[in-house]
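Good morning, and thank you for joining this meeting. I should like to take you through one structure, beginning with the ligand and ending with the aromatic rings.

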Amino acid sequence: MAEDTLSQRWERVRAGVAAACRQAGRDPSEVTILPVSKTHPVDVIEQALALGLQRLGENRVQEIRDKAAALPDRGIEWVVIGHLQTNKAKYVAQLAREVQSLDRLDLAEALQRRLDMEQRELDVLVQVKTSPEPSKYGLPPEDLLDFLEKIREFPCLHVRGLMTMAIQSDDETPVRACFRMLRELRDRAQAAGHDLPRLSMGMSGDFALAIDEGSTEVRIGTAIFGTRAAG
Ligand SMILES: *Cc1c(COP(=O)(O)O)cnc(C)c1O
C-alpha cells in the first residue's frame, strides 16, 4: 500500500469523526479534533500548519520547547496532554495555550505561581483516572469535587472541563465504562455548580466510543501523523 499523505489521513480522520457523530445522533460541530504531534519532527509540524492545524497536542515539555524554538511566531497553540512534573511549570506558563493533564494540587499551585509571574492565564482540563491500569495518570474520581473547589482560588487557571485516557482493551465494554465515568463525574460536578463544558476523551483507537459517550474533543495522534517510533 502506498504511503498516505498527511492531508489524506487528516481528511479521513475528519470523516471518521463526523461519521461517529452521526452514528451517535450528534452534530459533528460538537466534537473538536486535537491533532497530537508528539514525537513527530518539525517538518511534519510544518505540513500540519500548511493544512491549517495550529492547535497541537504534545506530551513532553522539552519537546514543546524545542519545537516552539524552531517554529517561532507561527501562531501554534501548544496543548499539554502528558504527565507534567511540577518543575516544568515555568515553561508551561511561558509556552502552553492549555493544559489537559492537570491532576494534582501541587501542580496547580506551581502553574498558578508561574502564570502570575508571566502575567498569563491558562485554560485547563482536569485529568481523571478512570482506568485501573497503574500506567494511567489522573486525579482519583472521588477527589474531583474537592479539587475543583480548591482550584477555584487560582485566578490564572480556568478549568474548562475534564480529560481522561480509557483503559487499553480490545473489549469495548471497559473502554466505554471509562468514558461514561468521566461524563457522569462531569454531570455531578456541574450539578454542584462547576461549569465544565468540555470532555476530552477518545484517541485514534477508541474515538467512536468516546463520541458516543459524549466526548467534545478527541485527541488523535497515530491516525493523523502515522505510527510513532518506539521509545
Ligand atoms: C499520545 C496520546 C494521544 C494520541 O494517541 P493516538 O493513539 O496516537 O491517537 C492522546 N492522548 C494522550 C494523553 C496521549 O498521550
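I shall now describe the ligand and its surroundings, and then the aromatic side chains. Please keep in mind that this is a predicted model.

Let us begin with the site. Where does the ligand sit? The ligand takes up the space of the largest pocket. Around the ligand we find K38, I81, M165, M203, S204, R219, I220, G221, T222 and R228. By character, this shell is made up of 4 nonpolar, 3 polar and 3 charged residues.

Next, which residues place a polar side-chain atom beside an oxygen atom of the ligand? K38 does so at 2.6 Å. In S204, an N or O atom of the side chain is 2.5 Å from a ligand oxygen atom. T222 also has a polar side-chain atom 2.5 Å from an oxygen atom of the ligand.

How much of the ligand is covered? On its own, the ligand has 390 Å² of accessible area, and the protein covers 91% of that area.

Finally, we turn to the aromatic rings. How many aromatic pairs are there? The count is 0. For Y91, however, there is a charged partner to report: R65 lies over the face of this ring, at 3.7 Å from the ring centre.

To summarise, the ligand occupies the largest pocket, with K38, S204 and T222 among the residues around the ligand. Thank you for your attention.

Definitions and conventions. Residues are numbered from 1 along each chain as its sequence is written. This is a predicted model: local features need pLDDT of at least 70, side-chain atom pairs count only at pLDDT 80 or more; totals for chains, interfaces and linings use all residues. Side-chain values use heavy atoms; hydrogens and water are left out. Rings of Phe, Tyr and Trp (its six-membered ring) pair if their centres lie within 6.5 Å; planes under 30 degrees apart count as stacked, over 60 as edge-to-face and the rest as tilted. A charge sits over a ring if NZ of Lys or CZ of Arg is within 6 Å of the ring centre and within 35 degrees of the ring normal. A residue is near a molecule or strand if one of its heavy atoms lies within 4 Å of it. A polar contact is a pair of N or O atoms within 3.5 Å; within protein, one must be able to donate a hydrogen and the other to accept it, and residues adjacent in sequence count only if both atoms are side-chain atoms. Accessible areas come from the Shrake-Rupley method with a 1.4 Å probe; for residues, only the protein chains shown count as cover. On a 1 Å grid over the protein atoms alone, a cavity is a set of points where a 1.4 Å probe fits but cannot get out, and a pocket is an open set with protein on both sides within 12 Å along at least five of seven lines; lining residues have an atom within 4 Å of a point. A molecule sits in a cavity or pocket if more than half of its atoms lie within 2 Å of its grid points. Ala, Val, Leu, Ile, Met, Phe, Trp, Tyr, Cys and Pro count as nonpolar, Asp, Glu, Lys and Arg as charged, and the others, Gly among them, as polar.
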